[in-house]
Amino acid sequence: MSVSDDSSITMLRTLSTYFCCNSISSMDADTFIVSTFYHERPVRTIDIQGNVGDIQHKLLHDQTYDPFQSACTYISSTNTLVFSDRDQDTVYLCDVTSGEGHVIKTDRIVIPKGVCAGPAGTVFVFSRGTDTLVQLSQDGEILMTHDVGMDWPYAVCLNKDGTRLVVSNWTNKQNMIKLFHVSR
């Protein structure tokens, strides 16, 4: 897909997959990283030609997830895969180059949902169980916990220049999207 300056969208290609995806993020110019569901590999790569690959990391186990049980993002500046496991209340930070990683399990992250790359190699993780957005360092240290003023936070995205954070929720009561300014 291509998005022009006037926001028109042009279809470039359709890629068929044999797995379903919970989340997708860009790994590089030609490759995407996805979290899967109903598939024995929780994280896969797919390039723009349709070639599927694996992410091998000691913290990632072959496990089949149901929809909405996991999410992932990739931080290209640190070669880090971020993977959330809702049922284990755990976030994994996996350096795909060195093989090192961090397991984050804390009472401040309960039922982790959406994840996204933040500024300077940090990570934003939604904690649905506490209705907060948690910011982690690239080493897994909790930097801040943000009350975003919504029930059941679900998805989070940072714009390209790192100045705006968009968050959404998933509830039958009051669906909303909020836009925040990120100070440096």
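The following conversation works through several labels attached to this predicted model and the values behind them.

Trainee: What is the average pLDDT of the chain, and where is confidence lowest and highest?

Mentor: The chain averages a pLDDT of 87, with 96% of the residues scoring at least 70. Confidence is lowest in strand 1 (residues 2-3), at a mean of 50, and highest in strand 10 (residues 101-104), at 94.

Trainee: Why is Cys116 in no disulfide?

Mentor: A disulfide requires two cysteine sulfur atoms within 2.5 Å. By that rule the count in this structure comes to zero. For Cys116 the nearest cysteine sulfur, that of Cys157, is 6.1 Å away, and therefore the pair does not meet the cut-off. Seen from the other side, Cys157 is likewise in no disulfide, with the sulfur of Cys116 at 6.1 Å.

Trainee: How do you know whether Cys116 and Cys157 are buried or exposed?

Mentor: Cys116 has a relative accessible area of 7%, which is under 20%, so this residue is called buried. Cys157 has 44%, which falls between the limits of 20% and 50%, so this residue is called partly exposed.

Trainee: What makes the pair of Phe37 and Tyr38 edge-to-face?

Mentor: The ring centres lie 5.2 Å apart, which satisfies the limit of 6.5 Å for a pair, and the planes stand at 70°, which is over 60, so the pair is edge-to-face. Phe37 is buried, because its relative accessible area of 14% is under 20%, whereas Tyr38 is exposed, because its value of 55% is over 50%.

Trainee: Why, then, is the pair of Phe83 and Tyr92 called tilted?

Mentor: The centre-to-centre distance is 6.4 Å, within the 6.5 Å limit, and the angle of 35° is neither under 30 nor over 60 degrees, so the pair counts as tilted. Both Phe83 and Tyr92 are buried, and together with Tyr65 they form one aromatic cluster. In total the structure holds four aromatic pairs.

Trainee: How do you know that strand 16 pairs with strand 15 and with strand 17?

Mentor: Two strands pair if at least two bridges are found between them. Strand 15 (residues 153-158) and strand 16 (residues 164-169) share five bridges in the antiparallel sense, so they qualify. Val156 has Val167 as its bridge partner in strand 16. Strand 16 and strand 17 (residues 177-181) also pair in the antiparallel sense over five bridges, and there Ser168 stands opposite Ile177. In the hairpin of strand 15 and strand 16, which has five residues between the strands, Gly162 takes a positive phi near 75°.

Terms used. Residues are numbered from 1 along each chain as its sequence is written. This is a predicted model: local features need pLDDT of at least 70, side-chain atom pairs count only at pLDDT 80 or more; totals for chains, interfaces and linings use all residues. Side-chain values use heavy atoms; hydrogens and water are left out. pLDDT is the predictor's confidence in each residue, from 0 to 100. Helices (H or I, at least four residues) and strands (E, at least two) are DSSP runs, numbered from the N terminus. Buried means under 20% relative accessible area, exposed over 50%, partly exposed in between (1.4 Å probe, protein chains only). Rings of Phe, Tyr and Trp (its six-membered ring) pair if their centres lie within 6.5 Å; planes under 30 degrees apart count as stacked, over 60 as edge-to-face and the rest as tilted.
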